[in-house]
Amino acid sequence: MSKASEAMPNGEWRIYRGDNLPRSEWEIPAPPPWRPRRAAPELAASASFCPALSEAVQGTGRRYKANEDIIRLVNAALHLRRPLLITGGPGTGKSTLVDAIAYELGLGEPLRWAVTSRSTLREALYNYDAIGRMQYRESCSASDSQLDIGDFVELGPLGTAMLPAMRPRALLIDEIDKADIDLPNDLLNVLDEGRFHIPELSRIKQRTVKVRKYGNEGVVDISAGLVECYEFPLVILTSNGERDFPAPFLRRCLQLRMPDPCDDPVRLKAIVDAHLGESASAKADAMIQSFATRAQGGDILATDQLLNAIQLVMGSYSMDDADKSELELSLMAGLGRKI
């Protein structure tokens, strides 16, 4: 019996079940031979990497509605240690999926990197404040040997996600299609290797340096300027489908086209139930059906528009029929037409 099958009882391959129930008693199977762990297991076992989930992430995790396609692809990404590239329209749940996975599997607060046209790989990995170090040296009249360089280095979201740990850290790279043309391939070269180098730290005589982790998560020891992961991070990349990606990038990703819940009245109602309760959903049945019909007819709509409208129009406010009608039209205005 392989190590992978030993890790999953009764041959069950699904680690993420999509049932919104937190679980701590699970083990990730051994990685494929071509995705070897880099860091020593002793180092990963000693790491404490799992910050508590925020209330916002817990709320999203409890309410997220995953379908079978989503569940299958998330599990494939966990088994194969590959990034999951998700495309889809606005409001389809691309960026909130990471919260649902982290909530169910206890992966800690997800790390997030919102990509822009100016984003760089180094920004994702680490930041070295050379100017701050120079100013500190001048103000304190201290030589370089008296300064702790680690005070001026902070890991980025990807750099923090790649720190050694026994379970993968969840990382959202949001709107990768906004990036410079070279960034996707640069990014995946690092993810393929499972390690990266900080030259500013390797040049100093001090072998081990304490640096800050991203998001005020504390400090970590970095030896010889090298960061190596034990478990590859679970990376979710989102795209609005505004550009095509090069073949080398797509080859290294698993691809998921996020189904639009606006096209499916059953899933749409389940989302409303989860967020606002079955009572509100029952009262808004006609609104849900009308919203779904418009989406199926070609209007581009987002589920949060429907939730906003039901919350306000069906809420316990003193609102006359004219206000309700006008607000419903305004809050659920189309975002365009499908091509």
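Biologist: Why is R37 called partly exposed?

Modeller: The model is a predicted one, and in it R37 has a relative accessibility of 31%. Partly exposed covers values between the buried limit of 20% and the exposed limit of 50%, so R37 falls into that class.

Biologist: What makes the pair of E231 and R37 a salt bridge?

Modeller: The N to O distance between the two side chains is 2.5 Å, and the limit for a salt bridge is 4 Å, so the pair qualifies. E231 sits in the loop between β9 (226-228) and β10 (234-239), whereas R37 belongs to the loop between α1 and α2, 194 residues apart. E231 counts as buried because its relative accessibility is 2%, with the limit set at under 20%.

Biologist: How do you know that R35 is buried rather than exposed?

Modeller: R35 has a relative accessible area of 2%. As buried means under 20%, R35 is placed in the buried class. This residue lies in the loop between α1 (3-7) and α2 (41-46). Beyond its neighbours up to four places away in sequence, R35 touches L80, R81, R82, L191, D192 and F232.

Biologist: What makes the approach of R35 to D192 a polar contact?

Modeller: A polar atom of the R35 side chain lies 3.3 Å from the backbone oxygen of D192. The cut-off for such a pair is 3.5 Å, so the distance satisfies it.

Biologist: Why is W113 counted as buried?

Modeller: The relative accessibility of W113 is 5%, and the limit is under 20%, so W113 counts as buried. W113 is part of strand β2 (residues 111-114). Leaving aside residues up to four places away in sequence, it touches S119, T120, E123, A124, P157, L172, I173, D174, L183 and L187. With E123, the side chain of W113 also makes a polar contact of 2.8 Å. The C-alpha atoms of W113 and L171 are 7.8 Å apart, although 58 residues separate them along the chain.

Biologist: How do you know that E200 and R122 form a salt bridge, and which parts of the chain does the pair tie together?

Modeller: The N to O distance is 3.5 Å, which the 4 Å limit admits, so the side chains count as bridged. E200 is in helix α10 (residues 199-202) and R122 in helix α6 (residues 121-125), so the bridge ties together parts that are 78 residues apart in sequence. E200 is buried at a relative accessible area of 11%, whereas R122 is partly exposed at 37%.

Biologist: What makes D221 and K210 a salt bridge, and where do these residues lie?

Modeller: Their closest N and O atoms are 3.0 Å apart, within the required 4 Å. D221 belongs to strand β8 and K210 to strand β7, 11 residues apart. Both residues count as partly exposed because the relative accessibility is 43% for D221 and 49% for K210. The structure holds 20 salt bridges. A network of them links R14, E68, D69 and R72.

Biologist: Why are strands β7 and β8 called paired?

Modeller: Strands pair if at least two bridges join them, and β7 (residues 208-212) and β8 have 5, so the condition is met. The two strands run antiparallel, with R212 standing opposite V219. Between them the hairpin has 6 residues, and there G215 takes a positive phi near 75°.

Biologist: Which residues form the covered face of β8, and which the uncovered one?

Modeller: V220 and I222 make up the covered face of β8 (residues 219-223), while V219, D221 and S223 make up the uncovered one. In a regular strand, side chains alternate between the two faces of the sheet.

Biologist: How do you know that the span of α4 agrees with its number of residues?

Modeller: Helix α4 (residues 68-80) has 13 residues, so at 1.5 Å a residue it should span 18 Å; the end C-alpha atoms are 18 Å apart, in agreement. N67 caps the N-terminal end, where a side-chain oxygen lies 3.2 Å from the backbone nitrogen of D69. After α4 comes R81, with a positive phi near 60°.

Biologist: Which residues of α4 are buried, and what covers them?

Modeller: I70, I71, V74, N75, A76, A77, L78 and H79 are buried. Their cover includes β1 (84-87), α5 (97-105), β10, β11 (254-257) and α12 (265-276). Across the chain, 45% of the 339 residues count as buried.

Terms used:
Residues numbered from 1 in each chain as written. Predicted model: local features only at pLDDT ≥ 70, side-chain atom pairs only at ≥ 80, totals over all residues. Heavy atoms only, no water. Buried < 20%, exposed > 50% of the residue type's maximum accessible area, 1.4 Å probe, protein only. Helix = DSSP H or I, 4+ residues; strand = E, 2+ residues; numbered from the N terminus. Contact = heavy atoms within 4.5 Å. Polar contact = N/O pair within 3.5 Å; in protein donor to acceptor, adjacent residues only side chain to side chain. Expected span 1.5 Å × (residues − 1).
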